[in-house]
Amino acid sequence: MPGLEDLYREIILDHYRTPRNRGALETPPAVVAQGHNPLCGDEIQVYLLVEDGVVRDVKVGGQGCSISQSSASMMTQAVKGKPVADAHRVLDAFRRMMGLDVDGEPEDVNLGDLEALQGVVKFPVRIKCATLAWTTLAQAMDEAGA
Ligand code: ZN
């Protein structure tokens, strides 16, 4: 993608080529949510295991473009092992970065590698690619009652 800075492009490609937390979890006890971005053909499954208010494990299956897959990989890193409240904070901060409407006051959240995706905002057609894993995570959190 032209227009993305080199460093950001490298982070995105690294997560695309070596995706973190790929696979599936046994359901139950985990829940699974399906996401689909018809604009690009991206498909994703987010498996989520929440115990005692903590995201114990998260895994991602599916296929799609480099933006959707790298965003999913980064998402798993950002929420795995975190208290549910922190996972919601990252979720909200990421959606804000992508220009989506989010209720409540913005909080100062360190997004780490996820900041590599902020350049995607310049390509409105790709925003759905970048946010697919997160929308699907939000569904899985709902499903898990978290
Ligand atoms: Zn895509």
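This report walks through a zinc site, a buried valine, a helix pair and some salt bridges in a predicted model.

**The zinc site**

Let's start with the metal. The zinc ion is held by the SG atoms of Cys 40, Cys 65 and Cys 129, together with OD atoms of Asp 42, at 2.1 to 2.7 Å. Along the chain, these donor residues follow the spacing C-x1-D-x22-C-x63-C. Two of the donors can be described by their accessibility: Asp 42 is buried, with a relative accessible area of 1%, whereas Cys 40 is partly exposed at 34%.

**Around Val 60**

Next, have a look at strand β3, which covers residues 54-63 and includes Val 60. Val 60 has a relative accessible area of 3%, and because the cut-off for buried is under 20%, Val 60 counts as buried. Leaving aside residues up to four places away in sequence, Val 60 touches Asn 21, Arg 22, Gly 23, Ile 44, Gln 45, Val 46, Ala 72, Met 75 and Thr 76. Val 32 lies 28 residues from Val 60 in sequence, and their C-alpha atoms are 9.4 Å apart.

**Helices α3 and α4**

Helix α3 (residues 84-97) and helix α4 (residues 124-143) have axes that come within 11 Å and cross at roughly 145 degrees. The crossing of α3 and α4 is left-handed. On the α3 side, the contact is made by Val 84, Ala 87, His 88, Val 90, Leu 91, Phe 94 and Arg 95. From α4 come Ala 130, Thr 131, Trp 134, Leu 137, Ala 138 and Met 141. Sorted by class, this contact of α3 with α4 has 10 nonpolar, two polar and one charged residues.

**Salt bridges**

Side chains of opposite charge can pair when their charged atoms come close. The structure holds eight salt bridges, including those in this table:

| Pair | Closest N to O distance |
|---|---|
| Arg 56 and Glu 51 | 3.3 Å |
| Arg 56 and Asp 52 | 3.8 Å |
| Lys 80 and Asp 57 | 3.4 Å |

The pair of Lys 80 and Asp 57 links distant parts of the chain, 23 residues apart: Lys 80 sits in the loop between α2 (66-79) and α3, while Asp 57 belongs to strand β3. Lys 80 is partly exposed, with a relative accessible area of 35%, but Asp 57 is buried at 18%.

Glu 51, Asp 52 and Arg 56 are linked in a network of salt bridges. Within this network, Asp 52 is exposed, with a relative accessible area of 73%. Arg 56 is partly exposed at 40%, and Glu 51 is partly exposed at 36%.

Definitions and conventions:
Residues numbered from 1 in each chain as written. Predicted model: local features only at pLDDT ≥ 70, side-chain atom pairs only at ≥ 80, totals over all residues. Heavy atoms only, no water. Donors = N, O, S within 2.8 Å, 3.2 Å for Na, K, Ca; no water. Buried < 20%, exposed > 50% of the residue type's maximum accessible area, 1.4 Å probe, protein only. Helix = DSSP H or I, 4+ residues; strand = E, 2+ residues; numbered from the N terminus. Contact = heavy atoms within 4.5 Å. Axes fitted to C-alpha atoms, helices over the stretch in contact; angles between N-to-C directions. Left-handed = near helix turned anticlockwise from the far one by under 90°. Nonpolar A, V, L, I, M, F, W, Y, C, P; charged D, E, K, R; others polar. Salt bridge = Lys/Arg side-chain N within 4 Å of Asp/Glu carboxyl O.
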